[in-house]
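This report deals with salt bridges in a predicted model. It looks at which side chains pair up and how exposed they are.

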Amino acid sequence: IAINRIGMDVLATVEVAQDLSLDHGMSVVALGNTNIEAEVASSSVAIAAAPRGGISASLSFTMANNDIDSVVKASVRSAPNQHHSLSAQSGDIVVQATRSGQISVDGIATAVAVSAGQSGSAFSLSGGATLSRNQIVGETLAEVNSVDLLALGADAVDVSITADDSTAIEALVRTVAASVSHRWQIRGSGS
């Protein structure tokens with residue numbers, strides 16, 4: 001059994017308390033990257049052999065439980081109950097939040113049961129199970145709140161506000177179960 005959890009908050013914030021004029025641009029960038037790689041394997045073998053009969057049982061179980069909860073925020077905002085401006089004479093003004101996350105799981109369960117007996121019954125049982133539960137939740141936010149962003153300079157100035165979110169789950173789960181039972185009887189010859 002594999003249990004993996006990641007919780008993450010990435011915050012990049014500029015709080016403007018008065019009107020600001022910058023000679024060069026400004027970047028407020030929040031980047032969050034989370035990854036879980038899980039490999040789980042379980043094997044079970046049962047063998048029974050007896051002259052009067054054999055009984056065998058084999059069970060195998062694997063489980064992977066993976067959770068990513070991440071929040072990535074980039075913001076430019078005014079102090080509470082205020083409204084201000086932020087200007088740049090040259091360069092870019094960038095507010096960017098980027099979140100990426102991936103869960104990769106490889107799970108396998110194998111169960112083999114073999115029984116043999118000379119007379120009577122030979123019984124064999126085999127069972128396997130593989131379970132994978134994966135979840136990626138969270139938030140990606142790039143915001144400008146109560147601030148006017150102004151490009152004033154003769155040089156071209158870009159104002160860019162972007163939020164990118166890229167998450168993926170890849171799970172490969174396999175279960176193999178095999179059972180073999182053999183019974184034989186030896187008969188004597190009579191004269």
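## Salt bridges between strands

In this predicted model, Asp 67 and Arg 5 form a salt bridge through their side chains, with an N to O distance of 3.4 Å. The two residues come from distant parts of the chain: Arg 5 belongs to strand S1 (residues 2-16) and Asp 67 to strand S4 (residues 54-78), 62 residues apart. Asp 67 is buried, at 10% relative accessible area, whereas Arg 5 is exposed, at 58%. Both residues also belong to a network of salt bridges that links Arg 5, Asp 67 and Arg 133.

Strands S6 and S9 are joined by the salt bridge between Asp 165 and Arg 99, whose closest N and O atoms are 2.8 Å apart. Asp 165 sits in strand S9 (residues 159-183) and Arg 99 in strand S6 (residues 93-117), so this pair ties together parts 66 residues apart in sequence. Asp 165 is partly exposed, with a relative accessibility of 42%; Arg 99 is buried, at 6%.

Asp 106 and Arg 174 form another salt bridge, with 2.9 Å between the closest N and O atoms. Here Asp 106 is in strand S6 and Arg 174 in strand S9, 68 residues apart. Asp 106 is partly exposed, at 29% relative accessible area, and Arg 174 is partly exposed as well, at 30%.

The distances of these pairs are listed below.

| Pair | N to O distance |
|---|---|
| Asp 67 and Arg 5 | 3.4 Å |
| Asp 165 and Arg 99 | 2.8 Å |
| Asp 106 and Arg 174 | 2.9 Å |

Across the whole structure, the search finds 6 salt bridges.

Key. Residues are numbered from 1 along each chain as its sequence is written. This is a predicted model: local features need pLDDT of at least 70, side-chain atom pairs count only at pLDDT 80 or more; totals for chains, interfaces and linings use all residues. Side-chain values use heavy atoms; hydrogens and water are left out. A salt bridge is a side-chain nitrogen of Lys or Arg within 4 Å of a carboxyl oxygen of Asp or Glu. Helices (H or I, at least four residues) and strands (E, at least two) are DSSP runs, numbered from the N terminus. Buried means under 20% relative accessible area, exposed over 50%, partly exposed in between (1.4 Å probe, protein chains only).
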